Amino acid sequence: MFANILHLIAYSLLSLFLLIVVLRFLLQLVRADFYNPISQALVKVTMPLLRPLRKVIPSILGIDTASVVLILLVQFIASAILCLIMGLTGLIALPHILLTWGFVGALTIIVNVFFWCMIISIIGSFIAPMSHHPLLSLANQIIDPLCKPIRKVIPPLGGVIDVSPIVVLLGLQIVEKILIRELAIWLQLNPQVVLGYWY
């Protein structure tokens, strides 16, 4: 019972921090507004860990490689801690398994971030289409690189109805339900464990 409670607390805290690191990476990747209050908060939380990593890990092709490494490290450490809490000490001796879980789990979280940003954007466009709320602005900036190419192929119907979010949501579902699960199976992982319990 105590182990389950401790696991829940650790899982919640580690998942929250991992989400913050992933958001920081995505916001930098899409070149979101740095002066947005939410962006500033994410930078302050992640900078103490990113600063030393950036000294030894250079950016590659404009991608903040240090952030990618930090995501995988956090996933690895989170998996190890959760294994330790649940008494699965044998898995800790298999770092390649934890790293693999970390890779697949990171992909899952990134897809989920895009998915929920899309939902926020869609709801915001109906409730407050002219709103400049920091959260809505960041959500739109994150999904814009996915929607923009689709809008070039399928322009808004009647100049008003934008169908690109529907296409993106369908694509995200395909990536999560098929590609990531198939990757987990190919890597000989249990998709339910990787996509459900652990992440």
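Colleague: How many helices and how many strands does the chain have?

Modeller: This is a predicted model, and in it the chain has 8 helices and 0 strands. Read along the sequence, the pattern is therefore simply α-α-α-α-α-α-α-α.

Colleague: And what percentage of the residues count as buried?

Modeller: Of the 199 residues in the chain, 37% count as buried.

Colleague: Let's take α2. Where does it run, and what end-to-end reach does it have?

Modeller: Helix α2 covers residues 37–56, which is 20 residues, and from its first C-alpha to its last it reaches 29 Å, close to the 28 Å expected at 1.5 Å a residue.

Colleague: Where does α2 bend, and by about how many degrees?

Modeller: The bend in α2 is about 60° and sits at M47, with a proline, P48, following within four residues. M47 is also one of the buried residues of that helix, together with S39, L42, V43, T46, L50 and L53.

Colleague: What caps the N-terminal end of α2?

Modeller: That is N36, which places a side-chain oxygen 2.9 Å from the backbone nitrogen of I38 and in this way caps the N-terminal end of α2.

Colleague: You listed T46 among the buried ones. What does its side chain lie by?

Modeller: A polar atom of the T46 side chain lies 2.8 Å from the backbone oxygen of L42. T46 lies in α2, and it counts as buried because its relative accessibility is 1%, where the cut-off for buried is under 20%.

Colleague: Switching to charges, how many salt bridges does the structure hold?

Modeller: There are 3 salt bridges in the structure. In general terms, side chains of opposite charge can pair when their charged atoms come close. One of the bridges joins the side chains of R54 and D64, with 2.7 Å from N to O. This pair links distant parts of the chain, since R54 is in helix α2 while D64 is in the loop between α2 and α3 (65–85), and the two are 10 residues apart.

Colleague: For that pair, which partner is buried and which is partly exposed?

Modeller: D64 is the buried one, because its relative accessibility is 6%, whereas R54 is partly exposed, with a relative accessible area of 30%.

Colleague: What does D144 pair with?

Modeller: D144 forms a salt bridge with K148, the closest N and O atoms being 3.4 Å apart, and D144 also forms one with R151, where the closest N and O atoms are again 3.4 Å apart. Through these shared partners, D144, K148 and R151 are joined into one network.

Colleague: Where do K148 and D144 lie?

Modeller: Both are in helix α6, residues 134–153, and they are 4 residues apart, which is about one turn of the helix.

Colleague: Are the three members of that network buried or partly exposed?

Modeller: K148 counts as partly exposed at 45% relative accessibility, D144 is partly exposed with a relative accessible area of 27%, and R151 counts as partly exposed at 29%.

Colleague: Where does α6 bend, and what follows the bend?

Modeller: Helix α6 bends by about 55° at D144, and a proline, P145, follows within four residues. D144 is thus named both for the bend in α6 and for the salt bridge with K148.

Colleague: What span should α6 have, and what are its buried residues?

Modeller: At 1.5 Å a residue, the 20 residues of α6 should span 28 Å, and the end C-alpha atoms are 29 Å apart, which agrees. The buried residues of α6 are L136, S137, L138, A139, I142, I143, C147 and I150.

Colleague: Last topic, α1. Which residues form the nonpolar patch on the surface?

Modeller: The patch is formed by I5, I9 and L13, which together have about 280 Å² of accessible area. L13 lies in helix α1, residues 2–29, and L13 is classed as exposed because its relative accessible area is 56%, where the cut-off for exposed is over 50%.

Colleague: And V21, is that buried or exposed?

Modeller: V21 lies in α1 as well, but V21 counts as buried because its relative accessibility is 2%.

Colleague: How many residues separate V21 and L49 in sequence, and what is the distance in space?

Modeller: V21 and L49 are 28 residues apart in sequence, and their C-alpha atoms are 9.9 Å apart in space.

Terms used. Residues are numbered from 1 along each chain as its sequence is written. This is a predicted model: local features need pLDDT of at least 70, side-chain atom pairs count only at pLDDT 80 or more; totals for chains, interfaces and linings use all residues. Side-chain values use heavy atoms; hydrogens and water are left out. Patches are made of residues with over 30% relative accessible area and no salt bridge: like charges are joined within 9 Å, nonpolar side chains (Val, Leu, Ile, Met, Phe, Trp, Tyr) within 5 Å. Accessible areas come from the Shrake-Rupley method with a 1.4 Å probe; for residues, only the protein chains shown count as cover. A salt bridge is a side-chain nitrogen of Lys or Arg within 4 Å of a carboxyl oxygen of Asp or Glu. Buried means under 20% relative accessible area, exposed over 50%, partly exposed in between (1.4 Å probe, protein chains only). The expected span of a helix is 1.5 Å times one less than its number of residues. The bend at a residue is the angle between axes fitted to the seven residues ending there and the seven starting there. A polar contact is a pair of N or O atoms within 3.5 Å; within protein, one must be able to donate a hydrogen and the other to accept it, and residues adjacent in sequence count only if both atoms are side-chain atoms.
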